[in-house]
Amino acid sequence: MRRLLLLAALLSGGALAQTALPGVLTIRFLDVGQGDAVLITAPEGQSLLYDGGRSEKRMTELLTQYGVRSLAVVAASHGDADHVTGLIPAVQRFKPKFFLNNGIAATTQTFGKLTTAVKTAGTQGLLASDRVINLGSVKVTVLPPPPGMPRGDQNLNSVGLLVEYGAFRALMTGDSETAETQGWLKTYPASKLGPIDVYKSIHHGAKNGDSPAWLRAVRPSNVVIGVGPNNYGHPTSEALALYKSVGAAIYRTDLNGTVTVTVQPGGKYNLSAVKGTGTTPQTRPAAPVPRAPTRVPALPPSSVTYPNCAAVRAAGKAPLLIGQPGYSRKLDRDGDGRACE
């Protein structure tokens, strides 16, 4: 594997800090309708916006609602409009230092508007490669498209992010399809890809996103699907069945609104949703519950006693049942209420 490049101390400056809970990493899977947008805020206040959904207005509302005062990095998983439109007002408003992307220009007016905003803001383009971004004390590892992906396919060149804080791990992989996840499985050891505490569903729960082989590696405990009203059938029954098959709890932004993850130092985390708990209970097979041994009730002393089972048999009383004269626990070795069986 290629050696990771390190953006050492790149985003640790106090000037970038904004309101943040002391010591707490906050990840918000934003409710942007049919699209993806994830706001990551380090304990020290630096923020990274991964994708922006398909509405400039909606993203502007959310940035205001959550009190965002600065962005250190904006990142596009790929160039499709439902992932990059909301990045436009984010760049115009906050002039982030870096724009992380796959280096493949999308042929849309929306992408052109985004690149214009990036140039106007003086934001530096950052091509996805094997590198780590230090977002304060949070480690963000970039998963670039693996070798061999066709340059003309935006989905297959999605940029992934692995977010780590203490023992906590979150993974986001844009609209990747099977060919790209197969490439990542060949590129990275299994220990790098999973287990994952919070996982963003690939391609809004499409049929061509997650696969059994990929999810066996990722091993997510919780899946968040960025989805809204759509004509694609997202999320598909196939994707939902996959998530349930690996025992993951499922959150959906169309049903639950914005889903927020807070992570304490060390990695203990909590998920909450705008609309109720919004979770599908874990479906991992429960561990078998050991059967309690049969409890033999205490008996009043009997006037009949037998020193051993030979004496019981000689008296023609075997087996002795609990409650019968002469029954005693010392003659009932397995405690099932039948002595001298």
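Let's start in helix 1, where the side chains of R58 and E61 meet in a salt bridge at 3.4 Å, N to O. A salt bridge here is a side-chain nitrogen of Lys or Arg within 4 Å of a carboxyl oxygen of Asp or Glu. R58 and E61 sit 3 residues apart in helix 1, so about one helical turn separates them. Helices (H or I, at least four residues) and strands (E, at least two) are DSSP runs, numbered from the N terminus.

Before going on, a word on the model. It is a predicted one, where local features need pLDDT of at least 70 and side-chain atom pairs count only at pLDDT 80 or more, while totals for chains, interfaces and linings use all residues. Residues are numbered from 1 along each chain as its sequence is written, and side-chain values use heavy atoms, with hydrogens and water left out.

Back to R58, which has a second partner: its side chain also meets that of D31 in a salt bridge, at 4.0 Å, N to O. R58 belongs to helix 1 (residues 56–65) and D31 to the loop between strand 2 (25–29) and strand 3 (38–41), so this pair ties together parts that are 27 residues apart in sequence. Add K57 and you get a network of salt bridges linking D31, K57, R58 and E61.

How open are these residues to the outside? "Buried" means under 20% relative accessible area, "exposed" over 50%, and "partly exposed" in between (1.4 Å probe, protein chains only). D31 counts as buried because its relative accessibility is 18%. R58 comes out at 25%, so it is partly exposed, and E61, at 34%, is partly exposed too.

Helix 1 takes part in another pairing as well: the side chains of K113 and E56 meet in a salt bridge at 2.9 Å, N to O. This one links distant parts of the chain, with K113 in helix 4 (residues 109–121) and E56 in helix 1, 57 residues apart. K113 is partly exposed at 40%, and E56 is partly exposed at 25%. In general, side chains of opposite charge can pair when their charged atoms come close. A search of the whole structure finds 8 salt bridges.

Finally, hop over to S211, in the loop between strand 12 (196–200) and helix 7 (212–218). S211 is buried, with a relative accessible area of 12%. Which residues does S211 touch, leaving aside its neighbours within four places in sequence? S211 is in contact with T181 and L242, where contact means heavy atoms within 4.5 Å.
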